[in-house]
Amino acid sequence: MLWALLAPLKPVGNYTTDCPNGSYFVWEILQACTEDARDVASIALGLFSVICFMFSAFPQCYSSYKNGNMDEALSIWFLLGWLGGDSCNFIGAVLAQQLPLQTYTAVYYVIVDIFMVALYWYYKVKNRSRPDGTAINVVVMFVMLGAAGSLIPGSRVMYPIGENPRFNKRSLLSIPQSSGNQAFTPKEISGFVIGSFSSVFYLASRLPQLCRNMKRKSTKGISLSLFALMIIGNLTYGLSVLLKVPRRGQTEVNYAVHHLPWLVGSLGTMALDIMILIQFAMYETQSSESELLIPKVPRKQLQ
């Protein structure tokens, strides 16, 4: 999601003239200009959110390995919605011809999502037919390797050496440098539409998981760290968008409109994830109370 803030504005840029007071390191690595404290805070929070998203799936993978009930704990629609949202980000990175760093990050997200879906079906099949565990391991491994290999970006989405696009100061997703309050350009419209689809996928993915938890009256098998990291990631991303200083000639309201899909997606998803955390606390409390109500039978009576 951070890449909605960092998109190519024009093919050539000069640090000395376009960002004289900014960080040269940020200009070279992220192709963004940070001339004041708000810009620095926006980039820092955005990068921190990317780190949270990158590592959010690992706790769930460990929990699934430990408990072996991922197919019971997670809704497949939650995983597919997550995959759909990240796939939209990947498509947007390719269509907008963003930097290799952005494209590789989007590819990483999709690969992790595919791994999670494969892990779900692995336990789904394994828990139904345990004697075929070896065959399932081989099939899932080949499916994952094939899916990951097909997503490795080719030369058509990378930039030739010396032709990497630069970001001008206050750059937004595919927004021209002229008047900040002009109508959406065709390229910006495509980014806006893809961002809207991505937000819908992210928001819709949480609803089946909330319903599944309510139906089971339990969150057993779900990693608390998964949703905690997602909440932190979406919060820091939303703050990074709000802290970013609009480019010259653009009003705060116009800036917010241009980033509305990503703001709604991140903050809305965060609200739904908080509801899942509430389910964690609620069902954990109910489970503890049930254990207290069950009388303990002495061992002598059991004998």
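At what angle do α4 and α10 pack, and how far apart are their axes? Keep that in mind while we look at the whole chain, which is a predicted model.

The protein is built from 13 helices and 0 strands. It has 303 residues, and 49% of them count as buried. Among contacts with a separation of 6 or more, 82% join residues 24 or more positions apart. On the outside, the protein exposes about 15600 Å², with carbon and sulfur atoms supplying 68% of that area.

Now step inside. The largest nonpolar core holds 35 residues, and those touching the most other members are Met-70, Phe-78, Leu-79, Trp-82, Met-116 and Phe-227. Several elements give two or more residues to this core, including α3 (37-55), α6 (76-95), α9 (186-216) and α12 (260-293). The largest share, 12 residues, comes from α7. Trp-82 is a good place to pause: beyond its neighbours within four places in sequence, its contacts include Ala-57, Asp-113, Met-116, Tyr-202 and Leu-226. Another core, of 5 residues, lies apart from the largest one, and Val-241, Tyr-255, Trp-262 and Leu-263 are among its members.

Back to the opening question. Helices α4 and α10 pack at about 170°, and their axes are 7 Å apart. Because angles over 145 degrees count as roughly antiparallel, α4 is roughly antiparallel to α10. On the α4 side, the contact is made by Ala-57, Pro-59 and Gln-60, while α10 brings Ser-225, Leu-226 and Leu-229. Sorted by character, the residues of this contact are 4 nonpolar, 2 polar and no charged. Two of them, Ala-57 and Leu-226, are also in contact with Trp-82.

Methods: Residues numbered from 1 in each chain as written. Predicted model: local features only at pLDDT ≥ 70, side-chain atom pairs only at ≥ 80, totals over all residues. Heavy atoms only, no water. Core = buried A, V, L, I, M, F, W, Y, C linked by side-chain atoms within 4.5 Å. Buried < 20%, exposed > 50% of the residue type's maximum accessible area, 1.4 Å probe, protein only. Helix = DSSP H or I, 4+ residues; strand = E, 2+ residues; numbered from the N terminus. Contact = heavy atoms within 4.5 Å. Axes fitted to C-alpha atoms, helices over the stretch in contact; angles between N-to-C directions. Parallel < 35°, antiparallel > 145°, perpendicular 65-115°, else oblique. Nonpolar A, V, L, I, M, F, W, Y, C, P; charged D, E, K, R; others polar. Areas by Shrake-Rupley, 256 points an atom, 1.4 Å probe, with all protein chains shown as cover.
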